[in-house]
Structure formats: C-alpha cells, structure tokens
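Please walk through this structure with me, beginning with the packing of two helices and then turning to salt bridges and cysteines.

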Amino acid sequence: MLSTRLVTLLRVVVFTLVVAVVFKLVSRPRLALPGNELSLASSIRFWNKKSEKEQEPWKQDARPVGGVAQEVKEQVESLAKVEKLQTLPPLDPNAPPLKVVHLDLKGAAPKMKYLEQIFPLFSSLGATGVLLEYEDMFPYEGDLQLLRSPYAYSAEDIKTIRNLAKLSNLQVIPLVQVFGHLEFVLKHEKYTELREVEAYPNSLNPHALGAQALIQAMVIQVMDQHPDSPWLHIGADEVFGLGESQDSKNWLNNNVGDVGKMFLNHVVAVARFIVERRPGIHLLMWDDMMRQISASTLKESGLPSLASPVIWFYAAELNLKKIDQLISKYQEVGFKDVWFASAFKGASCIYQRVTPLSKHLTNHLSWLKVMKSMSKYPSISFRGIVLTGWQRYDHFAVLCELLPVGIPSLAVCLKTLEHGAFSGKAQMEIQNLLGCSIKIEEGICKGSGAFSGSEVYNMVLKIDKELQKQTEELMNDKRVRGSFTNYHRKYNFANPRDLAFFTNKLEKLLVHWEPFLQNFRTQMETMFFPDTIEEWMDENVNEHMDKLRKMAADADQIGKLKGRPKSQ
C-alpha cells in the first residue's frame with residue numbers, strides 16, 4: 001500500500017517537472033534560423049508597404065538574437081544600404097561637355113602603377129573622364145569567373161582605379177559590351193550556344209535562352225563595382241552576322257525582315273533592365289548600328305528615352321554632311337543628348353606600331369567643325385567626346401600602338417580640342433607637359449621626353465625605324481646573297497674568307513640590339529603584364545632578332561669547318 005502511494009507521488013512529481021520544463025521552453029525567445037528570419041523579413045516587406053521601419057522588423061526588437069541570425073540581419077541591412085545607392089543624383093545640365101580618354105583593356109592593359117602615373121597626366125592635358133573598356137580584365141565572379149584574363153584586375157584594383165580617377169578629377173565611365181564584340185565571352189565552350197553565327201564568336205544571339213541573363217549578370221557585376229558612376233557605356237557596335245541564326249531568321253520571317261527592330265528589341269531590353277536597377281544612370285552606346293535604322297523605328301522603340309548615341313568616325317577628313325544628317329535624325333527621333341568619338345590611336349592600321357600624329361590631329365580638327373555647328377540643333381545637346389585609343393581591332397587581333405606610344409598623339413588631340421586649333425600655345429603647353437617637342441610632319445615628339453612611358457615611346461620609335469631595316473640590309477648584302485645562302489647553311493659549307501666580309505657587321509648588330517632589347521623589356525615590365533610583353537616582342541622583334549642570332553650561329557659553325565666540302 002505504501003509503495004503504491006510512493007509510486008503515485010513520484011509520478012506526480014515527474015509530471016509537474018515536465019510541465020514546468022515545457023512551459024519554460026515555450027515561453028523563452030526562439031533562436032531564429034537564417035532562412036526563417038530572411039523569409040519572414042521578405043514576406044513583411046512584400047505585403048506591408050508602409051513605413052521603412054515596418055519593412056525591417058528586426059529593428060523593432062532590440063533583444064539579442066543568435067549569431068547566424070545576426071549575420072543575416074547585417075547582410076540584409078547592408079543590402080538595404082546598397083539599394084539606397086542605386087538612385088544617382090541628376091547631372092548638372094550646364095556642365096561643359098566631357099573630354100573622355102578611352103582605355104581599351106582587351107590588350108596591353110596597364111599595370112596599376114602605370115595608371116597611377118598617367119591619370120594625372122590625362123587631367124593635365126585637359127581630359128575630364130576615362131572610358132574603361134574592361135573586357136576580360138574585369139574581375140568577374142561566380143559563374144562568370146571564366147571570363148577573366150589570368151592578369152585581370154582585382155575588385156580592390158577597381159576601387160583603386162576609381163580613387164585614382166577621383167584624385168585627378170576624372171569621371172569614370174565603365175563599358176560593357178552587350179551585343180557585338182563579345183568574343184571574350186563567346187569563345188568559351190560554355191557560351192558557344194549563345195552565338196548568333198555558330199562558327200564566329202563575335203555576336204550574341206538575342207533570342208537564345210540565357211542571352212539576356214548573361215548580359216544582365218555581367219552588367220550587374222560591373223555596375224556594383226562602380227556605384228558612383230553616373231554613366232555606363234553598353235557598346236552595341238558592329239553586331240556582325242545579326243540575322244543569320246535560325247532563331248533570328250524565324251523572328252525576321254514573322255516581322256517583315258526588320259533587322260533594325262530586332263537589334264533595338266535587345267538593346268532596349270538591356271537598357272530598361274539597367275535603368276530600373278540604377279535609376280538616374282545615363283547610358284551611352286555606339287551609334288553605327290542605328291545609322292541604317294529608320295527614324296520611325298528608332299522612335300517607336302523607346303530607345304531615345306533610355307540612352308544617348310555616340311557618333312564615331314576616325315578618318316582624318318570627316319564627311320560633315322553625313323554627320324549633320326545623323327545628328328538631325330537623332331534629334332528628330334527624340335534623343336536629348338549626343339556624344340562624339342574621335343581617335344587618338346589604334347584606328348590607322350590593325351598592326352600599327354607608331355601613332356601617325358597628322359591623321360589624328362586632322363580628325364580632331366574635323367570634329368571641332370562639328371562641335372561649332374551644334375547651335376543648329378536646338379533640341380539635342382552635345383554632352384562629350386570620347387577620344388578612343390583602341391588596343392586591338394577585336395579580341396583575337398594583334399596589338400595596335402601601345403599606350404605610351406600614343407601619349408604624344410593624345411596630348412595633341414586634347415590640347416587641340418581645348419584651344420580650338422593646334423596653336424602655338426597648345427604646342428608650348430604640350431612641350432612643358434611631355435618634355436618633348438611635337439613634330440607633326442615627322443610624326444614624332446622630338447626629345448628625350450619626361451612623361452610616364454617616354455622611355456618605351458622612344459625605344460619603340462627606334463625599333464620601328466631601325467631593327468627591320470638593318471636586318472633586311474644585312475640579309476640583302478651581296479656577300480650574304482652570294483656566299484652564305486640558305487643552301488650554303490643547309491649543307492654547312494662556305495668560304496671562310498667570304499664570311500669575314502659580313503660577320504663583323506653581324507656581330508656589331510647583335511652587340512647593339514641584345515642589351516638594348518633587354519633594357520626595353522625591363523622598361524615594359526614596369527607598366528605591362530608578361531603576356532603583353534611576350535606578344536609585342538613576338539610580333540615586332542623576335543622575327544628579326546631570331547634571323548640575326550641564327551645567322552651568327554651558322555656562320556660560327558661553318559667558319560670552324562675552314563672551307564671543307566659541303567655535307568651530304
């Protein structure tokens with residue numbers, strides 16, 4: 001009987017303890033899980049559109065939460081701050097037109113140290129902005145990481161570039177290609193299905209599943225690295241092959257073959273995505289694809305309210321009548337702003353080594369005539385000129401003139417724009433800034449030079465003028481052509497007496513060029529990455545030096561045979 005009562009009592013005690021524990025657990029604050037808290041916050045923001053406080057419930061409760069939940073809270077608050085940066089302040093409508101230096105980074109991209117040196121020079125010469133065409137030099141992340149060059153800038157480098165530009169009072173305008181010139185993307189197997197022409201990596205198929213998502217992902221990453229830039233250039237030039245994919249042919253069959261409308265559909269979709277994500281941003285795009293599109297189609301597309309055309313022509317003498325027609329057309333369809341694009345280098349020849357000063361000066365004098373005529377167009381404003389400095393004609397092409405080689409031309413072009421002519425004052429200012437004297441007729445800046453990269457500039461001039469010439473002169477020497485032909489070298493025979501007539505000259509050439517080129521390489525290493533140096537040497541130096549080195553080795557070997565019969 002007693003034992004039964006004890007058992008019953010114990011059961012009551014245990015039950016009471018269990019109830020007490022459960023009550024305590026139920027009444028204590030729950031440890032929020034990351035997924036639950038974020039989901040709850042998202043739901044409240046979606047359904048409750050009242051005050052900002054009510055959209056961020058975690059700010060209403062100051063009680064401490066779990067560590068992981070706290071991390072999520074901080075991430076979401078950080079996101080909220082980023083979102084507030086998306087709306088950019090309006091531009092000053094009375095600001096003078098920008099003079100923007102284009103850096104084409106798809107080849108010979110400068111090291112950070114060199115950018116640090118030349119940004120102040122750009123500013124001193126009169127530039128007010130830089131257009132950065134990153135291509136594979138941008139530090140794409142996640143699924144886009146494969147787009148990076150092995151020498152791509154880091155995210156920290158991009159911040160440094162922005163800060164350097166700010167210190168030199170230069171506006172930064174990033175450029176992201178969204179249609180044509182996507183070789184650096186479409187060359188990768190992962191993206192070949194997005195090509196407009198299966199065999200060519202140039203252009204995007206605008207109808208392909210994933211095409212818009214790809215462009216949006218690229219644009220988002222570039223914009224996020226440039227939160228303060230009021231401008232974004234979306235390229236959209238030279239969309240070669242547009243209309244050739246089966247997707248495009250199907251679309252054209254249903255839309256009276258209007259390639260222009262198809263082009264605009266894609267560009268407008270991209271532009272709308274960008275301005276919705278970053279209200280207040282100003283979009284630029286090259287104008288060449290719009291030139292053949294009818295005014296009515298342009299107007300109906302809605303593009304004039306989303307972007308500004310950049311009219312580009314790089315010839316020395318411009319067709320002013322054609323440019324007048326383009327400006328009139330763009331004004332008619334509703335564009336509020338127009339930009340122009342000249343060239344200070346990289347627009348003369350696909351493998352140009354030395355920048356032709358006369359051509360680029362004349363190009364800018366022609367553009368000055370266009371600028372002076374802008375009062376004829378009351379409804380469209382001239383907002384700026386981009387001085388393009390192309391480094392390659394496309395992603396797979398050889399290097400054009402290196403940036404240091406184009407600096408004297410850039411100085412001529414910027415000072416000509418500033419003074420309205422290549423005046424004596426402009427020439428004097430250039431000489432003070434560069435430490436050399438511009439000789440338009442000779443196409444050089446004469447003197448040792450004091451600007452960053454002047455050593456490379458002068459060395460390239462010497463290589464361009466002398467190395468190939470001296471090599472060919474030796475190879476065409478009558479003693480070489482008469483006594484040391486490829487046939488002689490193939491069978492290892494020659495008269496040692498005849499060799500003596502040219503081997504001394506050959507040795508002098510090597511003694512001169514070997515240390516010179518080693519010094520050149522050292523200078524290049526201060527401003528360019530290893531792939532640039534290898535490529536430039538292969539394209540411009542090694543062919544000639546290899547001939548001289550091989551010739552010297554063969555002459556030495558055959559000379560030691562002392563006139564023996566040819567080998568069998």
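Which residues in α8 meet which residues in α10? In this predicted model, the α8 side of the contact is made up of Gln212, Ile215, Gln216, Val219, Ile220, Met223 and Asp224, while α10 contributes His266, Ala269, Val270, Phe273, Ile274 and Arg277. Sorted by class, the residues in this contact comprise 8 nonpolar, 3 polar and 2 charged ones. Two packed helices are described by the angle between their axes and the distance between the axes. For helix α8, which spans residues 211–224, and helix α10, which spans residues 259–277, that angle is about 40° and the axes are 11 Å apart. The handedness completes the description, since α8 passes α10 in a right-handed crossing.

From helix packing we can move to charged side chains, of which the structure offers several instructive pairs: it holds 17 salt bridges. One of them is formed by glutamate 133 and lysine 106, whose closest N and O atoms are 3.8 Å apart; as a salt bridge is counted within 4 Å, this pair meets the cut-off. Glutamate 133 belongs to strand β2 (residues 129–133), whereas lysine 106 sits in the loop between β1 (98–104) and α5 (112–125), so the bridge ties together parts that are 27 residues apart in sequence. Both glutamate 133 and lysine 106 are buried. The pair also belongs to a wider arrangement, in which Asp104, Lys106 and Glu133 are linked in a network of salt bridges.

A second pair, aspartate 337 and arginine 383, likewise forms a salt bridge, here with 3.1 Å between the closest N and O atoms. Aspartate 337 lies in strand β7 (residues 337–345) and arginine 383 in strand β8 (residues 381–389), and the bridge therefore ties together parts that are 46 residues apart in sequence. Aspartate 337 has a relative accessibility of 14%, and because buried means under 20%, this residue counts as buried.

How many residues apart in helix α14 are lysine 415 and glutamate 418? They are 3 residues apart within this helix, which covers residues 403–419, and so they are separated by about one helical turn. Their side chains meet in a salt bridge with an N to O distance of 3.0 Å. The surroundings of the two partners can be read from their accessibility: lysine 415, at 5%, counts as buried, whereas glutamate 418, with a relative accessible area of 38%, is partly exposed.

The cysteines remain to be considered. A disulfide is a covalent bond between the sulfur atoms of two cysteines. A search of the whole structure finds 1 disulfide, and the link in question joins cysteine 436 to cysteine 445, with an S to S distance of 2.0 Å. The angle about the S-S bond is 95°, and the link of cysteine 436 and cysteine 445 is right-handed. Cysteine 436 counts as buried at 2% relative accessibility, and cysteine 445 is buried too, with a relative accessible area of 1%.

Why do cysteine 349 and cysteine 400 not form a bond? The closest cysteine sulfur to that of cysteine 349 is the one in cysteine 400, but the separation is 7.9 Å, which is too far for a bond because a disulfide requires sulfur atoms within 2.5 Å. Seen from the other side, cysteine 400 is in no disulfide, and its nearest cysteine sulfur is that of cysteine 349. Cysteine 400 is nevertheless buried, with a relative accessible area of 1%.

Note on methods:
Residues numbered from 1 in each chain as written. Predicted model: local features only at pLDDT ≥ 70, side-chain atom pairs only at ≥ 80, totals over all residues. Heavy atoms only, no water. Axes fitted to C-alpha atoms, helices over the stretch in contact; angles between N-to-C directions. Helix = DSSP H or I, 4+ residues; strand = E, 2+ residues; numbered from the N terminus. Left-handed = near helix turned anticlockwise from the far one by under 90°. Contact = heavy atoms within 4.5 Å. Nonpolar A, V, L, I, M, F, W, Y, C, P; charged D, E, K, R; others polar. Buried < 20%, exposed > 50% of the residue type's maximum accessible area, 1.4 Å probe, protein only.
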